[in-house]
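I opened this notebook to keep track of what I looked up, one topic at a time. The entries follow the order in which I went through the model.

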Amino acid sequence: MTAGTREFDIIVFGATGFVGELTARHLAKHAPDGVRIALAGRTEAKLEKLRASLGEKAKDFGIVVADVDRPSTLDSMVARTTVLCSTVGPYAKYGETVVGACVNAGTHYTDLTGEVLFARRSIDKFHEQAVANGTKIVHSCGFDSIPSDLGTFLLYEKAKADGAGTLGSTTLVIRSIRGGASGGTIASAIGLADEVSTDRDARRVAGRPHSLSVDHSRETDARPGSDLGTVSGKDVDPSLSGTLAPFFMASYNTRVVRRSNGLLDFAYGPTFSYRETMAVPGPGIVSAVAARAVQGALAVGMAALAIKPLRPVLDRVLPAPGEGPSEASQAKGSFIADVYTRTTGGRRYRSTIGAKLDPGYSGTAVMLGESSLALALDGDSARGGAPLPAYAGVLTPAVALGDVLAERLRAQDFTVTVDELH
């Protein structure tokens with residue numbers, strides 16, 4: 001399929017949801033002139049109301065009525081666009097039919113899933129067909145998992161360009177984060193907790209560090225449970241101190257990064273290992289206590305989600321799918337993610353990805369919107385696009401979009417850097 005041969009370049013599916021609307025607003029403001037965009041969802045009146053609120057540039061946005069419960073509407077929708085950008089979750093419940101329709105139609109796809117069971121099923125059911133017909137299915141194009149995935153990929157490229165050897169021990173450190181919890185993310189976590197509590201196969205997939213990998217026999221790092229441990233800062237890099245807590249999305253993001261390595265034929269190197277942490281305040285024993293408290297809270301939180309009698313209580317205190325913080329609250333959001341590595345040549349590097357945006361909402365909307373624009377416009381030399389990596393299948397953001405996405409994020413005032421440390 002060639003971009004420009006279909007009615008639309010991008011359809012935002014689920015546009016009247018919270019993150020869907022934020023993504024539509026980003027595209028209305030930042031998409032280049034001439035990009036053909038449509039808003040899709042179940043209710044035409046809501047879509048028209050949203051379009052009217054997006055400003056003059058969006059007056060020509062199309063309106064597409066589609067419903068995951070009516071597969072024929074999905075088939076019709078995806079046949080009209082080069083890229084489908086889906087914010088309709090939880091993906092384990094609603095996503096499989098949408099991905100299948102895209103692969104059958106040869107339509108590229110982006111989403112913001114952080115659901116390991118959905119991603120695994122997508123790989124098993126659709127990867128080979130997507131490879132065969134040249135379709136790019138790109139999961140996890142938001143805060144899960146672009147900072148993790150792209151940050152590691154940029155380290156690999158820098159080390160290779162410098163002749164510094166391949167990557168060894170590599171660790172993401174969330175240096176700072178401020179933002180609200182996503183209702184969609186919480187709904188996905190509840191769905192995962194329900195499924196793993198009753199399904200042995202699901203529990204095995206969710207607990208396996210290489211559950212999204214290309215070839216388990218070639219993996220070199222991680223043991224079950226090791227993605228949620230505390231880590232000494234000095235073990236990550238000499239510049240760090242104290243104890244680092246596990247990052248709450250490590251159990252998903254680490255699997256995405258390992259899949260990228262596999263899709264790249266394990267180019268990160270035979271000694272590559274990857275983990276995710278977050279900085280906690282205080283020196284010495286203070287940070288050690290704080291890190292272990294975070295570790296314990298994560299375990300308790302996941303256990304609480306699996307206890308169904310607690311759900312009414314959680315429903316009162318946690319945001320529901322489609323809900324999110326006010327614009328003023330989002331304006332206070334920010335994140336900085338550093339990824340450290342030491343190469344086989346003994347050299348130390350750090351990549352940094354950050355933005356003054358709420359990571360789960362406005363920041364994710366920018367990352368998802370720019371990923372969709374990259375698939376729609378870049379790689380098409382007739383439209384002046386930058387070259388995209390020549391991969392197809394069920395991909396990761398780094399493998400599908402690589403440096404093209406890095407440049408797009410820089411243009412949106414994201415910090416995206418790679419430095420050698422001395």
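The entries below go from the sheet and its helices to the side-chain pairs.

**Ground rules.** I am working with a predicted model, in which local features need pLDDT of at least 70 and side-chain atom pairs count only at pLDDT 80 or more, while totals for chains, interfaces and linings use all residues. Residues are numbered from 1 along each chain as its sequence is written, and side-chain values use heavy atoms, with hydrogens and water left out.

**The sheet.** I looked up the strand order and found an open sheet of 7 strands, β3-β2-β1-β4-β5-β6-β13, with parallel pairing. For the naming I rely on DSSP runs, numbered from the N terminus, with helices being H or I of at least four residues and strands being E of at least two; two strands pair if DSSP finds at least two bridges between them. Which strands stand at the edges? They are β3 (62-65) and β13, each with a single partner strand, so one side of each is left without a neighbour in the sheet. Neighbouring strands of this sheet are turned by 20° against each other on average, direction ignored. For such angles, axes are lines fitted to C-alpha atoms, for helices over the stretch in contact, and the angles run from 0 to 180 degrees between N-to-C directions.

At the β3 edge I checked the pairing itself: β2 (residues 37-41) and β3 pair in the parallel sense over 4 bridges, and Ala38 has Gly62 in β3 as its bridge partner.

**Helices on the sheet.** I then asked what lies across these strands. Helix α1 (residues 18-30) lies across β1 (8-13), β2 and β4 (81-86), and runs at about 150° to β1. Helix α3 (residues 71-78) also packs on the sheet, where it touches β1, β2, β3 and β4, and its direction makes about 130° with that of β4. Contact here means heavy atoms within 4.5 Å.

**Gly14.** My next stop was the loop between β1 and α1, where Gly14 has its place. Is Gly14 buried or exposed? Gly14 is buried, at a relative accessible area of 14%, where buried means under 20%, exposed over 50% and partly exposed in between (1.4 Å probe, protein chains only). Leaving aside residues up to four places away in sequence, Gly14 touches Gly20, Ala40, Thr87 and Val88. For one of these, Ala40, I noted a separation from Gly14 of 26 residues in sequence and 6.0 Å in space, C-alpha to C-alpha.

**A helix pair.** I looked up α5 (residues 116-133) and α8 (residues 200-207), which pack at an angle of about 100° with their axes 9 Å apart. That makes α5 roughly perpendicular to α8, on a scale where under 35 degrees is roughly parallel, over 145 roughly antiparallel, 65 to 115 roughly perpendicular and the rest oblique. Val116, Leu117 and Arg120 of α5 make the contact with Ala202, Val205 and Ala206 of α8.

**Aromatic rings.** A search of the whole structure returned 10 aromatic pairs. One of them joins Phe247 and Phe248, which are tilted at 50° between the planes and 4.5 Å centre to centre. The cut-offs are these: rings of Phe, Tyr and Trp (its six-membered ring) pair if their centres lie within 6.5 Å, and planes under 30 degrees apart count as stacked, over 60 as edge-to-face and the rest as tilted. Phe247 is buried at 1% relative accessible area, whereas Phe248 is partly exposed at 42%. Ring pairs link both of them with Phe143, Phe335 and Phe414 into a cluster.

**Salt bridges.** I counted 16 salt bridges in the structure, each a side-chain nitrogen of Lys or Arg within 4 Å of a carboxyl oxygen of Asp or Glu. Asp162 and Lys158 meet in one of them at 3.6 Å, N to O, and because the two are 4 residues apart in helix α6 (residues 146-162), about one helical turn separates them.

Glu420 and Arg347 meet in another, at 2.9 Å, N to O. This pair links distant parts of the chain, with Glu420 in strand β14 (residues 415-421) and Arg347 in the loop between β11 (334-343) and β12 (348-355), 73 residues apart.

Arg408 and Asp378 form a further salt bridge, the closest N and O atoms being 2.8 Å apart. Both ends are buried, Arg408 at 17% relative accessibility and Asp378 at a relative accessible area of 10%. My last note is that salt bridges that share partners join Lys158, Asp162, Arg347 and Glu420 into one network.
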